[in-house]
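Here are two short exercises to work through with the model open beside you. Try each task before reading its solution.

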Amino acid sequence: MAAWSSSPSLRHLLLLRPCLPLRPACLTGSFTGRHRLFSASSSTLTHGDAASTHADADGIVDVNPPRGTRDFPPEDMRLRTWLFDQFREVSRLMAFEEVDFPVLESEALFIRKAGEEITQQLYNFEDKGGRRVVLRPEITPSLARLVIKQGKSVSLPLKWFTIGQCWRYERMTRGRRREHYQWNMDIFGVPKVRAEAELIQAIVLLFQRLGITSSDVGIRVSSRKVLQAVLNMYSIPEHLFTEVCVIVDKLGKMTREEIEKELISTGLSSEAVQGIIDVLSLKSLVKLEEVLGSGVEAVADLKKLFSFADQYGYTDWICFDASVVRGLAYYTGIVFEAFDREGKLRAICGGGRYDRLLSTFGSEDIPACGFGFGDAVIVELLKEKDLLPDMSRQIDDIVFPLDEELEGPASSIASSLRKKGRSVDLVEDKRLKWVFKHAERINASRLILVGNSEWERGMVRVKVLSTREEFEVKAGELE
């Protein structure tokens, strides 16, 4: 096609077009690097809450988010949306249904007396009605609440997933903030190891879709029943089981001497403590069987899971590690967590079986298992492996009227294209030079110019920006 150049009359009109002010007159103040500070009256400050910001006597507001939390400007929001789309697609492939719950829950759902670290990290308070509430620190109790609420109106098994925000007031490290989004997949009503095998396949499937390999990431697998078997060997009372789980979950985070001291403080003998730590140091399922015997349920479950792993084709992703117990008190069977093999990051995700959670809320128990997969650590891993996708903004069309009297036709063209499924940015009151630069910034595919001479003939001029091809087309035939 022939290259396009505007007619003299159009060029003349473009030179006369006014430019918009650089900023609205209602905002006054200064912008200092990444800390944007501004002064605004109560009538013009429309976002946020005075209680959640810090202002001095002059009305200068620090607009950084609270420590440990994040804003999501457009480029970060595109990345978040892309990641959530990956979560949803894997869930769809695994035939799970999406559910959701309020981020504000009853405090009673999360207050347990097992010494769990999470109970010390709650964002909890009393609401204006005198009720104790909490910003949920995890999702599984909310899920259990909904299962109980649904009761017999749903048939088992349930295969549900959700993507929700969680809050914990904890020490921040790389990949750990005080709020994060978490992808949960849970199965209710399947007592056999098949459920865990399905969940691990979902995790592996996500990694594969993201370009992560089994050389990058592994999944450690064990069972709470391993620890239970060891406690039985030393005739340790049942009521100490959960407390011991919480302590030994700190292996790798505390020294062996510190772990031993905490275990002895619960009343365990030195012999029992030594036996627990020795078993939890095992990395071989064969050696575990030698210690516990083949008739132990934990060994049978793990052997079945590794058999499934071979059938699913993810054997190279998983490994046995008896030290994995997970820190939450409600786990009852197989537990697992994904880790980066270079050891630079904290756990990527984790989960396990929790067959007795519902009874802690006064309901009849249903066999269940699930996992939580946060958004923060996986993004750090993708950065580390240079696997983040290009998150540049992309728009199909820019529609630009070359004269004020053509704004109506331009609106009609933009509306028609949007109804056909194309993303359209309708631009007015700019110079043509600015429009071309804008098109480059947002990766627009086409620029559609509505000019007087063309519109008199019912035509518009189209510029394909990737090839610089230009042509006229009837306005009603734009696709």
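**Exercise 1.** Find what joins the side chains of Glu-138 and Tyr-330, and decide whether each residue is buried or exposed.

*Solution.* Start with the link: the two side chains, Glu-138 and Tyr-330, share a polar contact of 2.6 Å (a pair of N or O atoms within 3.5 Å; within protein, one must be able to donate a hydrogen and the other to accept it, and residues adjacent in sequence count only if both atoms are side-chain atoms). This is a predicted model, where local features need pLDDT of at least 70, side-chain atom pairs count only at pLDDT 80 or more, and totals for chains, interfaces and linings use all residues. Residues are numbered from 1 along each chain as its sequence is written, and side-chain values use heavy atoms, leaving out hydrogens and water.

Next, place the partners. Glu-138 sits in the loop between β8 (132-135) and α3 (140-150), while Tyr-330 belongs to the loop between β12 (318-320) and β13 (334-340).

Then check burial (under 20% relative accessible area, with a 1.4 Å probe and protein chains only). Glu-138 counts as buried because its relative accessibility is 4%, and Tyr-330 is buried at 7%.

Finally, consult the record: the unreviewed UniProt entry has a "binding site" annotation that includes Glu-138 and Tyr-330.

**Exercise 2.** Describe how helix α9 and helix α10 cross.

*Solution.* First, the axes of α9 (residues 285-292) and α10 (residues 297-312) come within 10 Å and cross at roughly 160°. Therefore α9 is roughly antiparallel to α10 (angles over 145 degrees).

Last, list the contact residues (heavy atoms within 4.5 Å): Leu-285, Leu-288, Glu-289 and Leu-292 of α9, with Val-299, Leu-302, Lys-303 and Phe-306 of α10.

Conventions:
UniProt positions renumbered as here; feature names shortened; annotations may be inferred. Helix = DSSP H or I, 4+ residues; strand = E, 2+ residues; numbered from the N terminus. Buried < 20%, exposed > 50% of the residue type's maximum accessible area, 1.4 Å probe, protein only. Axes fitted to C-alpha atoms, helices over the stretch in contact; angles between N-to-C directions. Parallel < 35°, antiparallel > 145°, perpendicular 65-115°, else oblique.
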